[in-house]
Protein chains: 2
Amino acid sequence: MTTATTSRAYAVARLERLPAHGVWSPVLTPVTADYAIDTGRFLQQARWVLEQGCHGLALFGTTSEANSFSVEERIGLLDAVIEAGIPADRLMVGTGCNAITDSTELTAHAASHGVHRVLMLPPFYYKGMSDEGLARAFGTVIERVNDPDLRVFLYHFPRLSGVPITLGLLNLLAARYGETIAGVKDSSGDWDNTAAMIERFPQLAIFPGSEIFLLQGLEAGAAGCITATSNVNPSGSRAVWDAWTSDDGSAGERQELATAIRRALETEQPVPGQKWLIASERGDAAWKTVRPPMLELGDAQGAALIEATHAAGFDPASVAIG
Amino acid sequence: MTTATTSRAYAVARLERLPAHGVWSPVLTPVTADYAIDTGRFLQQARWVLEQGCHGLALFGTTSEANSFSVEERIGLLDAVIEAGIPADRLMVGTGCNAITDSTELTAHAASHGVHRVLMLPPFYYKGMSDEGLARAFGTVIERVNDPDLRVFLYHFPRLSGVPITLGLLNLLAARYGETIAGVKDSSGDWDNTAAMIERFPQLAIFPGSEIFLLQGLEAGAAGCITATSNVNPSGSRAVWDAWTSDDGSAGERQELATAIRRALETEQPVPGQKWLIASERGDAAWKTVRPPMLELGDAQGAALIEATHAAGFDPASVAIG
């Protein structure tokens, strides 16, 4: 065994001790013509991304249109997921709302199902809040849920939320709540920020919010990635993960392909885009529907997306089922 | 009767035909030590701002920390306000949430109490949404509530929401929903935008979101103002309104004073600031509490605020009750 291989084995063992690791998918939320959650298609998609190699499902992320659904709708869908037999330890549930009462209700509900990993946005309407104010918002939820097994992943997506998870806020929370503070999804797209979080908080599972940073992240000590585009290209990210953990020498090449496909999927309207692609390749027009304020893609936009992904080396037909 | 006076009388008559007019107050929401809504203090404040001359109450605005409360909490407070005998026609209820299901529930609830004026933020998590997508979000709520008496005021506060109410969106909505689209609260602080809305949509009640623009707005055809600082200086804005509508020649001077006081209250944390000022002047420390992510002011910040308002010509003691 070479030194390099030994070192990789240690790194993989460290990953497995983190509060979460791997490639996680914020599952798209299909909706019916009247914008209600389509539980059947949701479960089909959830199972498909797991079969394709995702380590877990990050339910109710940005890509899931989570903020467009009520607390009651989100509770109903998680109930259905659990009832369908998807294991609680393969779930991370988005529970961060503007109201601490809502975040508490969603977090307590997830925990009641044995789902202890939650991904929390900060309250995001009011801007310019202090780290202390934000720490109190998260802390109130943690104290009210009062479950020692709870593991909170903080969701840093300043472009959409307008409210950053700063290093100072992480410091405050880690000092107050110890191992309950488990990680971060960093969707800033700013590698320097991701690297700073990994360096300052080696005990946390830091997930870049895009597979573009997957290999770079693994080399630096990140936990994997939580990535929107795993809804159509889950195996692409998983291939990077497998190549790196097994140290088979192909990780760079696999990362290059995953990155090219990701770039093709990064349109101005990524959620309607992925839904359109699935609708098209599964011959299932219902998938095109998004809940307002999002708007479904037109046919020409959709065709351009298919062409772009194809040009990037992706076979859009791979999202077909059955 | 001079021509100028006649012309003012016509302008006032036009104001009274608008879907709403006057000085409206987004009432602060006092909370208990565990961050629950303090209904008793809320009702006291609601009655006080009406007694001090506000034409109506804009419940659940930004200043009310509305987005920090759940749908259930907001419903409970409106029930209490109605039960306390505050007339439905002096209310405008904030009902715009991220989820169209939540906005529908809040709007239908208000309408069920005979409160037909609602102030709606757009869904504000997802950025870069199209006017058509936003029109569908508002339109879905309007169609589901399905009440011909409903009057929707759109809430334009791009600095906090990140989602503007554009002239194009107003065009779409006015064309589709006619007189249901009743007005705009323009908290952009951009007079050119306010002026453009007044000019393009003379049938709508356009409310600047600050009394700084009250006189300028009235001269240009605005409906009045909906202003945060009416929680501590309601009579200041009302005095501008009365001077202008009665054409007594004192409007300019009254506006100057109201503007100076407003500037003193425009700190980085205006909601904790107004709450601190009320707590201090009413000798009622409970008023200092804000719900996270906001943070209450410290004593030194509070003292500086009192001093600044005093220097601006305001008597902080005027917020005292009884």
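## Buried residues in helix 4 of chain B

A residue counts as buried if 20 or more other C-beta atoms lie within 10 Å of its own. By that yardstick, the buried residues of helix 4 of chain B are Ile100(B), Thr101(B), Asp102(B), Ser103(B), Glu105(B), Leu106(B), Thr107(B), Ala110(B) and Ala111(B). Keep in mind that this is a predicted model.

What do those buried residues of helix 4 pack against? Within chain B, the partners are helix 3 (71-83), strand 3 (91-94), strand 4 (117-120) and helix 5, and helix 3 (71-83) of chain A joins them. Helix 4 of chain B has 13 residues and reaches 18 Å from its first C-alpha to its last, close to the 18 Å expected at 1.5 Å a residue. After the helix comes Gly114(B), with a positive phi near 80°.

## Confidence

The scores for the model are ipTM 0.97 and pTM 0.97. Chain A has a mean pLDDT of 97, with 99% of its residues at 70 or more.

## Two chains, one contact

Rotate chain B by 180°, with 0.0 Å of shift along the axis, and it superposes on chain A at an RMSD of 0.0 Å. The two copies are therefore related as by a two-fold rotation axis. The same surface serves both of them, as 100% of the contact residues of chain B recur in chain A.

How many residues go into the contact? Chain B puts in 34 residues and chain A puts in 34 residues. On the chain B side, helix 4 (100-112) and helix 5 (131-145) each supply at least two residues. Helix 5 of chain B gives the largest share, six residues. Sorted by class, the side of chain B that touches chain A has 17 nonpolar, 10 polar and seven charged residues.

## Chain A as a whole

Chain A has 13 helices and eight strands. A compact globule of 322 residues would have a radius of gyration near 20 Å, and the 19 Å of chain A agrees with that. Its C-alpha atoms fill a box of roughly 55 × 50 × 40 Å along the principal axes.

Of the 322 residues of chain A, 55% count as buried. Take the contacts in chain A between residues at least 6 apart in sequence: 68% of them join residues at least 24 apart.

## Two buried spots in chain A

Leu215(A) sits in helix 9 (residues 214-220) of chain A. Is Leu215(A) buried or exposed? It is buried, because 22 other C-beta atoms lie within 10 Å. Setting aside residues up to four places away in sequence, Leu215(A) touches Val240(A), Trp244(A), Ala251(A), Gly252(A) and Gln255(A). One of these, Gly252(A), is 37 residues from Leu215(A) along the chain, and their C-alpha atoms are separated by 7.5 Å.

Val49(A) belongs to helix 2 (residues 39-51) of chain A. Val49(A) is buried too, with 24 other C-beta atoms within 10 Å. Beyond its neighbours within four places in sequence, Val49(A) is in contact with Ser25(A), Val27(A), Cys54(A), Leu57(A), Ser230(A), Asn231(A) and Pro234(A). Between the C-alpha atoms of Val49(A) and Glu65(A) there are 17 Å, for 16 residues along the chain.

## Helix 12 of chain B

At 1.5 Å a residue, the 13 residues of helix 12 (residues 270-282) of chain B should span 18 Å, and the end C-alpha atoms are indeed 18 Å apart. This helix is mostly covered, with 10 of its 13 residues buried. Among them are Trp276(B), Leu277(B) and Ile278(B). The buried residues pack against helix 11 (251-265) and helix 13 (299-311) of chain B. Just after helix 12, Gly283(B) takes a positive phi of about 60°.

## Backbone oddities

Most residues other than glycine have a negative phi, and most peptide bonds are trans. Glu65(A), though not a glycine, has a positive phi near 55°. Glu65(A) lies in the loop between strand 2 (56-59) and helix 3 of chain A, and counts as buried because it has 28 C-beta neighbours inside 10 Å. Asp247(B) has a positive phi of about 55° without being a glycine. Its place is in the loop between helix 10 (234-246) and helix 11 of chain B, and with 16 C-beta neighbours inside 10 Å Asp247(B) counts as partly exposed.

Where are the cis bonds to Pro293(A) and Pro293(B)? Pro293(A) is in the loop between helix 12 (270-281) and helix 13 (299-311) of chain A, and its bond with Pro292(A) has an omega of about 15°. Pro293(B) is in the loop between helix 12 and helix 13 of chain B, and the bond from Pro292(B) has omega near 20°.

Notes: Residues are numbered from 1 along each chain as its sequence is written. Chains are lettered from A and ligands numbered from 1 in the order in which they are written. This is a predicted model: local features need pLDDT of at least 70, side-chain atom pairs count only at pLDDT 80 or more; totals for chains, interfaces and linings use all residues. Helices (H or I, at least four residues) and strands (E, at least two) are DSSP runs, numbered from the N terminus. The expected span of a helix is 1.5 Å times one less than its number of residues. A residue is buried if 20 or more other C-beta atoms lie within 10 Å of its own, exposed if 12 or fewer, and partly exposed in between; C-beta atoms are placed from the backbone. Two residues are in contact if their C-beta atoms, placed from the backbone, lie within 7 Å. Copies are superposed by least squares on the C-alpha atoms of residues with pLDDT of at least 70 in both. pLDDT is the predictor's confidence in each residue, from 0 to 100. Ala, Val, Leu, Ile, Met, Phe, Trp, Tyr, Cys and Pro count as nonpolar, Asp, Glu, Lys and Arg as charged, and the others, Gly among them, as polar. The radius of gyration is taken over C-alpha atoms; the globule rule is 2.2 Å times the number of residues to the power 0.38.
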